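Notebook open, coffee on the desk. Today I'm going through side-chain contacts, one entry at a time.

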Amino acid sequence: MRKASRLFEIIQILRLAKKPVTAATIAGRLEVTVRSVYRDIVALQAMRVPIEGGRGIGYILRPGFDLPPLMFSIEEMEAIVLSLALLERTGDDELKQAAKRVGAKIAGAVPPPLRQTLDANALHAWGFAAPSASAVDLALVRRAIRDEEKLDLSYRDEAGRATGRVIRPVALIYYAETANIVAWCELRQAIRNFRSDRIEDCRPAGLWFKGEGDRLRQVWVDGWEINASAAAGNRGAAPPRSR
């Protein structure tokens with residue numbers, strides 16, 4: 001890694017950190033020696049980047065430091081191109097339109113050599129696109145997750161039984177054929193997965209679960225990890241589908 005790239009990466013690591021980061025941690029992330037990190041920290045401080053701390057206690061970046069506009073490498077640009085292409089395969093119409101806008105904004109901001117990566121049409125995400133969910137607006141679900149607002153569902157389970165559910169949505173999983181809403185179900189008093197193609201109606205309940213989203217997501221992750229470790233030979237397990 002070139003020194004200029006290394007200095008940029010160190011700033012990024014410190015910007016995103018919530019507590020002091022040791023030189024050993026930074027060295028491990030960048031695959032360089034700890035001594036190189038010490039030299040880079042000194043170089044950044046000489047450039048008046050407000051890094052505080054020292055050996056043995058870690059480093060922090062004082063709030064208020066702004067970086068120049070982002071620049072991408074060729075590999076990072078290819079990752080963006082493929083990620084935007086994969087969004088085209090979801091059934092979320094709002095995200096698909098957002099992906100097109102993102103591509104246009106990036107194309108207008110990056111220099112010509114990187115713009116060629118966007119225009120080359122050399123990377124593709126193959127496979128059929130998931131149909132748009134007819135009875136549920138996935139944009140509404142994403143907003144409910146962000147705002148921690150409960151949703152009122154009319155839902156049919158695997159056996160075709162109709163039920164009404166009030167849920168606390170915490171995550172949205174996109175599969176090739178459908179999307180799953182991960183939520184705390186107030187009827188079952190547990191985390192459940194609801195397939196979007198089995199939802200007959202979905203609307204805001206006008207009730208909130210403010211401050212509970214992170215805790216409920218952790219409950220889901222913990223349960224997923226327990227189920228994955230209990231399954232013999234289960235490597236690279238996907239999040240559980242709805243039943």
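Below are my entries on charged pairs, rings and one helix, all from a predicted model.

**Entry 1: salt bridges, overall**
I started with the charges, since side chains of opposite charge can pair when their charged atoms come close. How many salt bridges does a search of the whole structure find? My search came back with 15. I picked out a few to look at.

**Entry 2: K96 and D93**
I looked up K96 and found its side chain in a salt bridge with D93, at 3.5 Å from N to O. Both residues belong to helix α5, which covers residues 93-109. They are three residues apart, about one turn of the helix. I then checked accessibility. K96 has 15% relative accessibility, so I put it down as buried, the cut-off being under 20%. D93 comes out at 41%, so it goes down as partly exposed.

**Entry 3: R142 and E94**
Next I took E94, whose side chain meets that of R142 in a salt bridge of 2.8 Å, N to O. This pair links distant parts of the chain: R142 is in helix α7 (residues 138-147), E94 is in helix α5, and 48 residues separate them. Buried or exposed, I asked of R142? It counts as buried, at 15% relative accessibility. E94 is partly exposed at 39%.

**Entry 4: R168 and E212**
I moved on to R168, which forms a salt bridge with E212 through their side chains, again noting N to O, 2.8 Å. R168 sits in strand β4 (residues 162-174), while E212 sits in the loop between β7 (199-208) and α8 (213-230), so the pair ties together parts 44 residues apart in sequence. The relative accessible area of R168 is 17%, which makes it buried. For E212 I wrote down 22%, partly exposed. I also followed the charges outward from here: R168 and E212 belong to a network of salt bridges that also links K150, E186 and R215.

**Entry 5: rings**
I switched to aromatics, and the count came to one pair. Which two residues form the aromatic pair? They are Y155 and F194, edge-to-face, with 5.0 Å centre to centre and 85° between the planes. Y155 is in strand β3 (residues 149-156) and F194 in strand β6 (residues 190-195), so this contact ties together parts that lie 39 residues apart in sequence. Both rings belong to buried residues: Y155 has 3% relative accessibility and F194 has 1%.

**Entry 6: two more arginines**
I checked R55 and found its charged end over the ring of Y38, 4.0 Å from the ring centre. Then I looked at R6, in helix α1 (residues 3-16). R6 is buried, with a relative accessible area of 13%. Its side chain makes a polar contact with the side chain of D40, at 2.5 Å.

**Entry 7: back to α7**
R142 had made me curious about its helix. How many of the ten residues of α7 are buried? I got seven, and noted the helix as mostly covered. The buried ones are L138, A139, L140, V141, R142, A144 and I145. I looked at both ends too. At the start of α7, a side-chain oxygen of D137 comes to within 3.0 Å of the backbone nitrogen of A139. Just after the helix, E148 has a positive phi of about 55°.

Conventions
Residues numbered from 1 in each chain as written. Predicted model: local features only at pLDDT ≥ 70, side-chain atom pairs only at ≥ 80, totals over all residues. Heavy atoms only, no water. Salt bridge = Lys/Arg side-chain N within 4 Å of Asp/Glu carboxyl O. Helix = DSSP H or I, 4+ residues; strand = E, 2+ residues; numbered from the N terminus. Buried < 20%, exposed > 50% of the residue type's maximum accessible area, 1.4 Å probe, protein only. Phe/Tyr/Trp six-rings, centres within 6.5 Å; stacked < 30°, edge-to-face > 60°. Lys NZ or Arg CZ within 6 Å of the ring centre and 35° of its normal. Polar contact = N/O pair within 3.5 Å; in protein donor to acceptor, adjacent residues only side chain to side chain.
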